[in-house]
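Here are a few short exercises to work through with the model open beside you. Try each task before reading its solution.

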Amino acid sequence: MSELSNIAVVRNLLEKHGFHFSKSLGQNFLINPSVCPKMAEQCGAGKEWGVLEIGPGIGVLTMELSKVAGKVVSIELDQRLFPVLEETLSECSNVKILPGDAMRLDLKEILEKEFPGMPVAICANLPYYITSPLIMRLLEEKLPVQTITVMVQKEAAERLCAPPGSRACGAVSMAVQYYARPEVLFSVSRGSFMPAPNVDSAVIRLNIRKEPAVSLKDEKLFFKVVKAAFGQRRKTLGNSLSAGLSLPKEQILAACEEAKIAPTARAEQLTMEEMARLADSLCRDT
Ligand code: SAM
């Protein structure tokens with residue numbers, strides 16, 4: 001029912017339930033009728049699939065997901081939306097709403113319990129205030145999912161999908177590329193939301209790799225090195241790593257030499273393989 005993206009219908013519905021938008025929960029609901037069917041289609045889920053959604057709002061995307069997938073489980077934190085969702089999704093028998101905070105719930109357990117033996121996609125119009133930490137959580141927990149398709153602010157989309165070795169690349173982009181092959185699917189203007197945010201958005205899809213992009217001696221150390229290198233991104237690696245990892249500069253210089261990386265380079269100039277070599281060279285030292 002594309003009615004859920006009709007402004008008059010949404011206004012009536014929210015008024016009837018006495019609902020007011022919460023800015024702090026990142027509540028900007030989609031009212032552009034073309035966006036949700038496109039997201040549902042491009043998340044890659046089919047009838048045998050399970051889809052985990054985060055933040056259904058009034059269920060506009062949930063409804064489209066229920067048409068393409070076998071089962072949809074949707075986590076919503078704001079309990080004021082439960083009676084609304086009960087009404088809007090009353091005819092979607094393959095949808096289950098789970099109350100709770102997506103940052104705290106045990107997602108692995110939920111996926112195992114709700115989608116046994118099924119391929120799983122995550123699809124969501126994310127509340128902007130938890131975009132990066134939530135995506136990092138989804139990736140770091142190595143959840144058994146094939147794709148993560150999310151609407152995020154345009155700037156975040158650019159940052160998350162920036163390839164290593166490019167100016168826009170940061171610690172989060174490096175982490176995303178380690179676990180997934182990211183792609184920007186399409187842009188969505190700010191006018192597509194109610195209330196309209198101050199910035200445009202984009203839908204990105206992270207195609208989860210079967211194996212991480214590089215093999216490492218110590219994954220934890222790799223992420224420490226990435227964080228330290230990008231933490232002071234204007235500094236040379238020699239300085240940023242020495243400060244960020246609390247190691248003497250000579251040790252960093254020796255590791256750079258072993259990894260065949262110029263200590264005068266900056267984090268954004270390194271490929272994933274170079275960053276991995278550097279972390280491996282530091283492995284004995286930390
Ligand atoms: N999917 C709807 C749409 O596209 O119109 C709503 C998207 S709105 C950007 C974000 C949704 O996430 C809201 O429904 C909000 O209440 C919910 N939310 C915010 N923080 C959350 C959290 N920590 N866990 C689960 N849901 C959350």
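**Exercise 1. Work out how α6 and α8 are oriented to each other, and which residues form their contact.**

Step 1: In this predicted model, helix α6 (residues 131–140) and helix α8 (residues 171–179) pack at an angle of about 30 degrees, with axes 10 Å apart. Helices here are DSSP runs of H or I with at least four residues, strands are E runs of at least two, and both are numbered from the N terminus. Axes are lines fitted to C-alpha atoms, for helices over the stretch in contact, and angles run from 0 to 180 degrees between N-to-C directions.

Step 2: α6 and α8 are therefore roughly parallel to each other; the classes are roughly parallel under 35 degrees, roughly antiparallel over 145, roughly perpendicular from 65 to 115, and oblique for the rest.

Step 3: Ser132, Met136, Leu139 and Glu140 of α6 meet Val172, Ala175, Val176 and Tyr179 of α8, where contact means heavy atoms within 4.5 Å.

Step 4: Sort these contact residues by class, and you get six nonpolar, one polar and one charged. Ala, Val, Leu, Ile, Met, Phe, Trp, Tyr, Cys and Pro count as nonpolar, Asp, Glu, Lys and Arg as charged, and the others, including Gly, as polar.

A note on conventions: residues are numbered from 1 along each chain as its sequence is written, and side-chain values use heavy atoms, without hydrogens or water. Local features need pLDDT of at least 70 and side-chain atom pairs count only at pLDDT 80 or more, while totals for chains, interfaces and linings use all residues.

**Exercise 2. Now do the same for α11 and α12.**

Step 1: Helix α11 (residues 249–259) and helix α12 (residues 272–282) cross at roughly 125 degrees, and their axes come within 8 Å.

Step 2: That angle makes α11 oblique to α12.

Step 3: From α11, the contact uses Ile252, Ala255, Cys256, Glu258 and Ala259, and from α12 Arg277, Leu278, Ser281 and Leu282.

Step 4: The class count for this contact is six nonpolar, one polar and two charged residues.

**Exercise 3. Find polar atoms of Gln27, Gly57 and Ala102 that lie by the ligand.**

Step 1: An N or O atom in the Gln27 side chain is 2.9 Å from a ligand oxygen.

Step 2: At Gly57, a backbone N or O atom lies 3.2 Å from an oxygen atom of the ligand.

Step 3: For Ala102, a polar backbone atom is 3.0 Å from a ligand nitrogen.

Note on methods
A polar contact is a pair of N or O atoms within 3.5 Å; within protein, one must be able to donate a hydrogen and the other to accept it, and residues adjacent in sequence count only if both atoms are side-chain atoms.
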